[in-house]
Amino acid sequence: MIAEEFDSRTIANMEVALERACKMLPIGAEQHDYRRYIASRIVKCAQRGDSTLGGLTEAGCLAASELRARAKA
């Protein structure tokens, strides 16, 4: 479980990063599947040791950009 793997500061940073990344998605695209994909990328970033807000946000925004590119294709 996420709560057992990370400290409260990291979890808070992950939540903020997720919200910031989801704002990059078009209106109506904030579907559960998209949020889950972005969240998984943020979790992987934290598991690699980068728990900074900047690093987590960058990982989330990259995932959101990938989703946008797929939607355009």
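**Group meeting talk: salt bridges, a pocket and some contacts in a four-helix chain**

I would like to begin with one pair of side chains, E19 and R35, which form a salt bridge in which the closest N and O atoms are 2.7 Å apart. This pair links distant parts of the chain, since E19 sits in helix α2, covering residues 8–22, while R35 sits in helix α3, covering residues 32–47, and the two are 16 residues apart. Please keep in mind throughout that what we are looking at is a predicted model.

As a general background point, side chains of opposite charge can pair when their charged atoms come close. How many salt bridges does a search of the whole structure find? The search finds 2, and the other pair I want to show you is E66 with R41, whose side chains meet at 2.6 Å, counted from N to O. Here again the pair links distant parts of the chain, with E66 in helix α4, which runs over residues 53–72, and R41 in helix α3, and with their positions 25 residues apart in the sequence.

Are these four side chains buried, exposed or something in between? E19 has a relative accessibility of 39%, and because of that value E19 counts as partly exposed, while R35, at 24%, is also placed in the partly exposed class. E66 comes out at 23% and is therefore partly exposed, and R41, at 22%, is likewise counted as partly exposed. The cut-off you need for this reasoning is that buried means under 20% relative accessible area.

Let me now step back to the whole chain. The protein chain has 4 helices and 0 strands, and if you read along the sequence you meet the pattern α-α-α-α. The C-alpha atoms fill a box of roughly 35 × 20 × 15 Å, taken along the principal axes. For a chain of 73 residues, a compact globule would have a radius of gyration near 11 Å, and the 12 Å found for this chain agrees with that. Of the 73 residues, 32% are buried. When we take the contacts between residues at least 6 apart in sequence, 64% of them join residues at least 24 apart.

The next topic is empty space. Rolling a probe the size of a water molecule over the atoms shows where empty space is left. In this model, the largest pocket holds about 150 Å³ of space. Which residues line this largest pocket? The lining is made of I2, I11, M14, E15, L18, A39, I42 and V43. The elements that give two or more residues to this lining are α2 and α3, and α2 gives the most, with 4 residues. If we sort the lining by class, we find 7 nonpolar residues, no polar ones and 1 charged one.

I2 also appears in a distance that I would like to mention, this time together with V16. V16 lies in helix α2, and with a relative accessibility of 36% V16 counts as partly exposed. V16 and I2 are 14 residues apart in sequence, and their C-alpha atoms are 15 Å apart in space.

To finish, let us visit three single residues and look at what each one touches, leaving aside the neighbours within four places in sequence. We can start with T10, which has its place in helix α2. Why is T10 called buried? T10 has a relative accessible area of 6%, and that lies under the 20% cut-off, so the residue falls in the buried class. Its contacts beyond the sequence neighbours are A46, S51 and L56.

T57 is found in helix α4, and with a relative accessible area of 12% T57 is buried. Beyond its neighbours in sequence, T57 is in contact with A17 and R20.

The last residue is R68, which has its place in helix α4. With a relative accessible area of 35%, R68 is partly exposed. Which residues does R68 contact once the neighbours within four places are set aside? They are M24, L25 and P26. For P26 we can also give a distance, since the C-alpha atoms of R68 and P26 are separated by 8.1 Å, although the two residues are 42 apart along the chain.

Conventions
Residues are numbered from 1 along each chain as its sequence is written. This is a predicted model: local features need pLDDT of at least 70, side-chain atom pairs count only at pLDDT 80 or more; totals for chains, interfaces and linings use all residues. Side-chain values use heavy atoms; hydrogens and water are left out. A salt bridge is a side-chain nitrogen of Lys or Arg within 4 Å of a carboxyl oxygen of Asp or Glu. Buried means under 20% relative accessible area, exposed over 50%, partly exposed in between (1.4 Å probe, protein chains only). On a 1 Å grid over the protein atoms alone, a cavity is a set of points where a 1.4 Å probe fits but cannot get out, and a pocket is an open set with protein on both sides within 12 Å along at least five of seven lines; lining residues have an atom within 4 Å of a point. Grid points are joined across faces, edges and corners, and a volume is the space filled by probe spheres set on the points. Ala, Val, Leu, Ile, Met, Phe, Trp, Tyr, Cys and Pro count as nonpolar, Asp, Glu, Lys and Arg as charged, and the others, Gly among them, as polar. The radius of gyration is taken over C-alpha atoms; the globule rule is 2.2 Å times the number of residues to the power 0.38. Contact means heavy atoms within 4.5 Å.
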